Amino acid sequence: MSGALDRELAYHEKLYSGFAQQHFARPAVRALRAHMVQRILALTGADKRSRVLSLGCGIGDTELLLAPHVGEVVGIDLSPAAIRQARSDAGRLGIANARFEQGTSAAGQFDAAIAIFFLHHLPDEELAAFPERLRELLPAGGVFYSLDPSRLRLSGAVGRLLIPALMKRYQTEDERELDGNSTAEFFRRAGFAAKVSIYDFGSSPLAGLLPGWAAGYRMARRMDDSLLRVGALAKRGSNFEIVAKKDS
Ligand SMILES: C[S@@+](CC[C@H](N)C(=O)[O-])C[C@H]1O[C@@H](n2cnc3c(N)ncnc32)[C@H](O)[C@@H]1O
């Protein structure tokens, strides 16, 4: 295992030993996850017939909200603790069309693939090689959706200034914010038609900071929807999405 993978594993085993479960169950985080699911469905076109792969699925909270809308979800994650939690939650909720596997690679054919806050954890060479690996998992016309922190985000600059210790606590040693356009370029080179858009401004950071305040999250989300229409502001948004469609 590479050094970066070892460090990722150690960090996430600790994160998923209690804190993440409690944090992700809070109302504002649940509201954020529900919003993400609607976005994933709208942008990938996944429906009740679709097999969806999720890479770096963590404890599967997004995937378990997605499952009722699609045919099947398969989640893959490096962390055994995450996979144990995801399987246990699927069982508790009686969700039979979600499967979770520990590992760093997937096999099989899927109609769509997602990677939520995952790409920015991959070392540079792995990130560059990722779209080629993804090609094998999708048919022509298959769609990939990702969400990652943007290097230009205003919230990152403000966070580093005002709450540097908290920012550090919630980040692994190897993760970094990414540039949306150069990340999308890796997908284009591998034969995907890739588009970049900004997902949010203050709403997701607010859900992380004040996880108990779902009404605040919803208000911030409505503000984001307005703010993101202003092009100059959108560039400084928090997280960018890539929607990449495999060429026919
Ligand atoms: C920031 S977390 C995101 C988890 C989840 N998608 C979410 O939205 O909460 C990144 C996840 O990627 C996993 N991970 C990191 N490197 C990985 C790799 N090379 N292969 C598979 N999973 C990996 C970590 O264990 C962690 O669960």
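**Figure 1. The open sheet and its two edges.** In this predicted model, seven strands line up as an open sheet, running β3-β2-β1-β4-β5-β7-β6, and their pairing is mixed. Look at the ends of that order: β3 (98–102) and β6 (192–198) are the edge strands, and each has a single partner, so one side of each lacks a neighbour in the sheet. Going from one strand to the next, the twist averages 15 degrees. As a reminder for reading this view, strands of a sheet pair through backbone hydrogen bonds, either parallel or antiparallel.

**Figure 2. Strand β7 and the strands on either side of it.** Start with β5 (residues 143–149) and β7 (residues 239–246), which pair in the antiparallel sense over seven bridges. Two spots help you find the register here: Pro149 has Asn239 of β7 as its bridge partner, and Tyr145 stands opposite Val243 in β7. Now turn to β6, which also pairs with β7 in the antiparallel sense, over seven bridges. For that pair, the place to look is Val196, standing opposite Ile242 in β7. How many of the eight residues of β7 are buried? Seven are, so to speak of β7 as mostly covered is fair.

**Figure 3. Strand β4, enclosed in the sheet.** Five of the five residues of β4 are buried, so this strand is largely enclosed by the rest of the structure. Follow the side chains and you'll see them split into two sets: Ala112, Ile114 and Ile116 point one way, while Ala113 and Ala115 point the other way. That's the usual pattern, as side chains in a regular strand alternate between the two faces of the sheet. On one pairing, β1 and β4 run in the parallel sense over three bridges, with Ser54 taking Ile114 of β4 as its bridge partner. On another, β4 and β5 pair in the parallel sense over five bridges, and Ala113 stands opposite Phe144 in β5.

**Figure 4. Helix α6 and what covers its buried residues.** Which residues of α6 are buried? They are Leu127, Phe130, Pro131 and Leu134. These four cover an arc of only 80 degrees around the axis, which puts them on the same side of α6. The spacing fits a general rule: an α-helix has 3.6 residues a turn, so residues three or four places apart point the same way. Among the elements covering the buried residues of α6 are β1, β4, β5, α9 (180–189) and β6.

**Figure 5. The ligand and the residues that come nearest.** There are 19 residues around the ligand, and Tyr16, Arg33, Gly56, Asp77 and Ile116 come nearest. Zoom in on three of these. At Gly56, a polar backbone atom sits 2.7 Å from a nitrogen atom of the ligand. At Asp77, an N or O atom in the side chain is 2.7 Å from an oxygen atom of the ligand. At Ile116, a polar backbone atom is 2.8 Å from a nitrogen atom of the ligand. You've met Ile116 already: its side chain is one of those pointing from β4, and it is buried.

**Figure 6. Glu177, a loop residue.** Glu177 lies in the loop between α8 (164–169) and α9. Is Glu177 buried or exposed? With 15% relative accessibility, it counts as buried, the cut-off being under 20%. Leaving aside residues up to four places away in sequence, Glu177 touches Pro149, Ser150, Arg151, Arg153, Gly156 and Arg160. Pro149 in that list is the residue whose bridge partner in β7 is Asn239. For a sense of scale, Glu177 and Leu209 are 32 residues apart in sequence and 18 Å apart in space, C-alpha to C-alpha.

**Figure 7. His12 in helix α1.** This view centres on His12, found in helix α1 (residues 3–15). His12 is buried, with a relative accessible area of 12%. Where does the side chain of His12 reach? It goes to the backbone oxygen of Glu8, at 2.9 Å. Not counting residues up to four places away in sequence, His12 touches Ser79, His121 and Thr172.

Technical notes
Residues are numbered from 1 along each chain as its sequence is written. This is a predicted model: local features need pLDDT of at least 70, side-chain atom pairs count only at pLDDT 80 or more; totals for chains, interfaces and linings use all residues. Side-chain values use heavy atoms; hydrogens and water are left out. Two strands pair if DSSP finds at least two bridges between them. Axes are lines fitted to C-alpha atoms, for helices over the stretch in contact, and angles run from 0 to 180 degrees between N-to-C directions. Buried means under 20% relative accessible area, exposed over 50%, partly exposed in between (1.4 Å probe, protein chains only). The arc is that of the directions from the helix axis to the C-beta atoms. Contact means heavy atoms within 4.5 Å. A residue is near a molecule or strand if one of its heavy atoms lies within 4 Å of it. A polar contact is a pair of N or O atoms within 3.5 Å; within protein, one must be able to donate a hydrogen and the other to accept it, and residues adjacent in sequence count only if both atoms are side-chain atoms.
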